[in-house]
Amino acid sequence: HAVLRLIIQAGKTESAGIRIDFPISRQDIAEMTGTTLHTVSRILSAWEAKGLVKGGRQKLLVRDATALRELAEGD
């Protein structure tokens, strides 16, 4: 849900997906969601493996926002 909020608030559409248009770290996401850095890293790594997101140093590109919404609705 936090990543979906971020793409709504600060997302910039590009050919590869929607980029969060400000520096954000995994620690920042952990603090936003009230979870641990380890949990966020594990989830984002799994999403990267599925092709849903692409992470980088303080960058996040959402490649498949529709699939992320479906995951969020399944919770």
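This is a short dialogue on reading helix 3, the core and two loop residues in a predicted model.

Me: What should I know before reading the model?

Reply: Residues are numbered from 1 along each chain as its sequence is written, and side-chain values use heavy atoms, without hydrogens and water. Local features need pLDDT of at least 70, side-chain atom pairs count only at pLDDT 80 or more, and totals for chains, interfaces and linings use all residues.

Me: Which residues in helix 3 are buried?

Reply: Buried means under 20% relative accessible area, exposed over 50%, partly exposed in between (1.4 Å probe, protein chains only). In helix 3 (a DSSP run of H or I, at least four residues, numbered from the N terminus), the buried residues are Thr39, Val40, Leu44 and Trp47. They cover an arc of only 120° around the axis (taken from the directions to the C-beta atoms), so they sit on the same side of helix 3.

Me: Why can residues apart in sequence point the same way?

Reply: An α-helix has 3.6 residues a turn, so residues three or four places apart point the same way. The face of helix 3 turned away from its buried side carries exposed His38 and Ala49.

Me: What does Trp47 touch?

Reply: Contact means heavy atoms within 4.5 Å. Leaving out residues up to four places away in sequence, Trp47 touches Val3, Leu52, Val53, Leu68 and Leu71.

Me: Where is Gln58 found?

Reply: Most residues other than glycine have a negative phi. Gln58 is not a glycine, yet has a positive phi of about 60°. Gln58 lies in the loop between strand 3 and strand 4 (strands are DSSP runs of E, at least two residues).
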